[in-house]
Amino acid sequence: MRTTVLFAAMALAAFVTAGPESAQGMDKKGMNHEHMHHGEMKAPMGNKEAEAMGVINSVDAAGGKVNVTHEPVEALGWPKMTMDLPVTKRVDLSTVKPGDHVKMMLKQGRDKQYRITGIEKHM
Ligand SMILES: [Cu+2]
């Protein structure tokens with residue numbers, strides 16, 4: 001009887017120990033780029049700033065955001081994708097229009113949201 005209880009306790013301990021490790025593994029694999037929540041994506045080396053190349057799809061100057069198709073951003077671990085990105089106040093959106101190929105400076109704020117801090121046409 002005693003032996004059975006001890007065995008059950010050991011089995012439970014082993015299960016609990018294995019728990020966090022498998023959860024972490026699933027976290028990495030479960031990263032879903034489709035959701036476009038870059039804030040939740042772990043950037044390599046903890047980068048919070050990066051340069052990205054992309055094409056403007058639409059400009060919402062009043063809303064302070066643009067829709068872009070950006071190339072992969074290796075510094076942040078982002079795949080190529082189409083998404084809305086807010087811009088910071090000093091970014092002048094009158095200088096860009098749909099179809100423009102641009103270089104963007106991206107920065108992650110304390111709220112984990114990435115914003116464009118600078119944008120310029122290239123080529
Ligand atoms: Cu993106």
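A nonpolar core is taken here as a set of buried Ala, Val, Leu, Ile, Met, Phe, Trp, Tyr and Cys residues joined through C-beta atoms within 7 Å. In this predicted model, the largest such core has 16 residues, and the members that touch the most others are M104, I116 and I119. Two or more core residues come from each of strand 1 (49-60), strand 2 (65-70), strand 4 (101-108) and strand 5 (114-121). One of the well-connected trio, I119, can be followed a little further: setting aside residues up to four places away in sequence, I119 touches V87, V91, V96, V102 and M104. M104 thus turns up twice, once among the core members that touch the most others and once as a partner of I119.

Zooming out to the whole chain, there are one helix and five strands. Read from the N terminus, the elements go α-β-β-β-β-β, which puts the helix ahead of the strands. Of the 123 residues, 15% are buried. As for how far along the sequence the contacts reach, take those with a separation of 6 or more: 50% of them link residues 24 or more positions apart.

The strands come next. Strands of a sheet pair through backbone hydrogen bonds, either parallel or antiparallel. Here the five strands make an open sheet, ordered 3-2-1-4-5, with antiparallel pairing. Strand 3 (81-86) and strand 5 sit at the edges, each pairing on one side only. From one strand to the next, the twist averages 45°. Looking at one pair in detail, strand 1 and strand 2 run antiparallel and are joined by six bridges. One residue pair to look for in the structure is D60 and its bridge partner in strand 2, K65.

The last stop is H122, which lies in the segment after strand 5. H122 counts as exposed because it has 8 C-beta neighbours inside 10 Å, and the cut-off for that class is 12 or fewer. Exposed or not, H122 does have contacts beyond its neighbours within four places in sequence, namely with H101, V102 and K103. V102 therefore shows up again, since I119 touches V102 as well, with contact meaning C-beta atoms within 7 Å. There is also a long step in sequence to point out: H122 and M53 are 69 residues apart along the chain, yet their C-alpha atoms are separated by 9.0 Å.

Key: Residues numbered from 1 in each chain as written. Predicted model: local features only at pLDDT ≥ 70, side-chain atom pairs only at ≥ 80, totals over all residues. Buried ≥ 20, exposed ≤ 12 C-beta atoms within 10 Å, placed from the backbone. Helix = DSSP H or I, 4+ residues; strand = E, 2+ residues; numbered from the N terminus. Contact = placed C-beta atoms within 7 Å. Pairing = 2+ DSSP bridges. Axes fitted to C-alpha atoms, helices over the stretch in contact; angles between N-to-C directions.
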